[in-house]
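Please open the structure in a viewer and keep the sequence at hand. The tour below proposes a series of selections and states what is found at each.

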Amino acid sequence: MREPLLERACLPEELFAPLMAAAVHDPDPSFCRWFVEPAVYAFGRRRAMAALVDYLRIGTDAEQAGAVRAWYQAHVPRRADRAPAYGPGGVRDPALDESQDISDAWLDASMRVFAEATDLRMRHHVLLGAYLPCGIPAALAQTA
């Protein structure tokens, strides 16, 4: 299923929500990439990551765990052989892939889920997905 999706230069808008839902509901952390990767290439890393933040904030426990699994896959490297827009002479709005503020929102949401979770497995999943490359953002440190 992934290959036909990746081979298309663009995907219909109505595929975005089902792709993200499939990614979140796929129990295998590797296979959820089959749905996340086409969403990142067609709709942008920013939008795919924002959808995962929404699942983490308001999803069921199962959707939150799925969002954590899919978050890693949302960081797929952008490759010209996957999307012509990334190749030489390709044109793509850089704002589609700008994600620093979304990463900060992810960290904020994941720390809130961690603090509120009573299930130790959920807390473990959230910690694994809470990558802190530069420490806690200032805005989040003030809320702690």
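## The whole chain

The secondary structure of this protein consists of eight helices and zero strands. The model is a predicted one. Colour the chain by secondary structure and follow it from the N terminus: the elements run α-α-α-α-α-α-α-α.

Next, colour the residues by accessibility. Of the 144 residues in the protein, 43% are buried. With a surface displayed, the protein exposes about 8200 Å², and carbon and sulfur atoms supply 59% of that area. Contacts can also be considered by their separation along the chain. Among contacts with a separation of 6 or more, 71% join residues 24 or more positions apart.

## First stop: helix H2

Select residues 16-25, which form helix H2. Display the side chains of Phe16, Leu19, Met20, Ala23 and Val24, which are buried. Because these residues cover an arc of only 130° around the axis, they lie on the same side of H2.

Now add residues 61-73, helix H5, to the selection. How far apart are the axes of H2 and H5, and at what angle do the two helices pack? The axes are 7 Å apart and the angle is about 95°, which means that H2 is roughly perpendicular to H5. On the H2 side, the residues to display are Ala23, Val24 and His25. They meet Ala62, Glu63, Gly66, Ala67, Arg69 and Ala70 in H5.

## Second stop: helix H3

Select residues 33-43, helix H3. Eight of the 11 residues of H3 are buried, so this helix is largely enclosed by the rest of the structure. The buried residues are Phe35, Val36, Glu37, Pro38, Ala39, Val40, Tyr41 and Phe43.

Centre the view on Pro38, which is found within H3. Pro38 has a relative accessibility of 1% and counts as buried. Draw a distance from the C-alpha atom of Pro38 to that of Leu15: the two residues are 23 apart in sequence and 9.9 Å apart in space.

Trp34 is also found in H3. Is Trp34 buried or exposed? Its relative accessible area is 38%, so Trp34 is partly exposed. A second distance can be drawn here, from Trp34 to Gln73; these residues are 39 apart along the chain, and their C-alpha atoms are separated by 9.1 Å.

Before leaving H3, select Gly44, just after the helix, where phi is positive at about 100°.

## Third stop: helices H4 and H6

Select residues 45-58 for helix H4 and residues 100-116 for helix H6. The two helices pack at an angle of about 15°, with their axes 9 Å apart. Since angles under 35 degrees count as roughly parallel, H4 is roughly parallel to H6. H4 passes H6 in a left-handed crossing. From H4, the contact involves Arg46, Met49, Ala50, Leu52, Val53, Leu56 and Arg57. The H6 residues in this contact are Asp101, Ile102, Ser103, Ala105, Trp106, Ala109, Ser110 and Val113.

Centre next on Leu56 in H4. This residue is buried, with a relative accessible area of 0%. Which residues does Leu56 touch, not counting residues up to four places away in sequence? They are Gln64, Ala67, Val68, Trp106, Ala109, Ser110 and Val113. For a distance across the sequence, choose Leu56 and Val126: they are 70 residues apart along the chain, with C-alpha atoms separated by 9.5 Å.

## Fourth stop: helices H5 and H6

Keep H6 on display and return to H5. These two helices pack at an angle of about 140°, with their axes 12 Å apart. H5 and H6 are therefore oblique to each other. H5 passes H6 in a left-handed crossing. Their contact is made by Gln64, Ala67, Val68 and Trp71 of H5 together with Ile102, Ser103, Trp106 and Val113 of H6.

The last selection is Tyr72, found in H5. Tyr72 is exposed, and its relative accessible area is 64%. Draw a final distance from Tyr72 to Met49: the C-alpha atoms of these residues, 23 apart along the chain, are separated by 9.8 Å.

Definitions and conventions
Residues numbered from 1 in each chain as written. Predicted model: local features only at pLDDT ≥ 70, side-chain atom pairs only at ≥ 80, totals over all residues. Heavy atoms only, no water. Buried < 20%, exposed > 50% of the residue type's maximum accessible area, 1.4 Å probe, protein only. Helix = DSSP H or I, 4+ residues; strand = E, 2+ residues; numbered from the N terminus. Arc of directions from axis to C-beta. Contact = heavy atoms within 4.5 Å. Areas by Shrake-Rupley, 256 points an atom, 1.4 Å probe, with all protein chains shown as cover. Axes fitted to C-alpha atoms, helices over the stretch in contact; angles between N-to-C directions. Parallel < 35°, antiparallel > 145°, perpendicular 65-115°, else oblique. Left-handed = near helix turned anticlockwise from the far one by under 90°.
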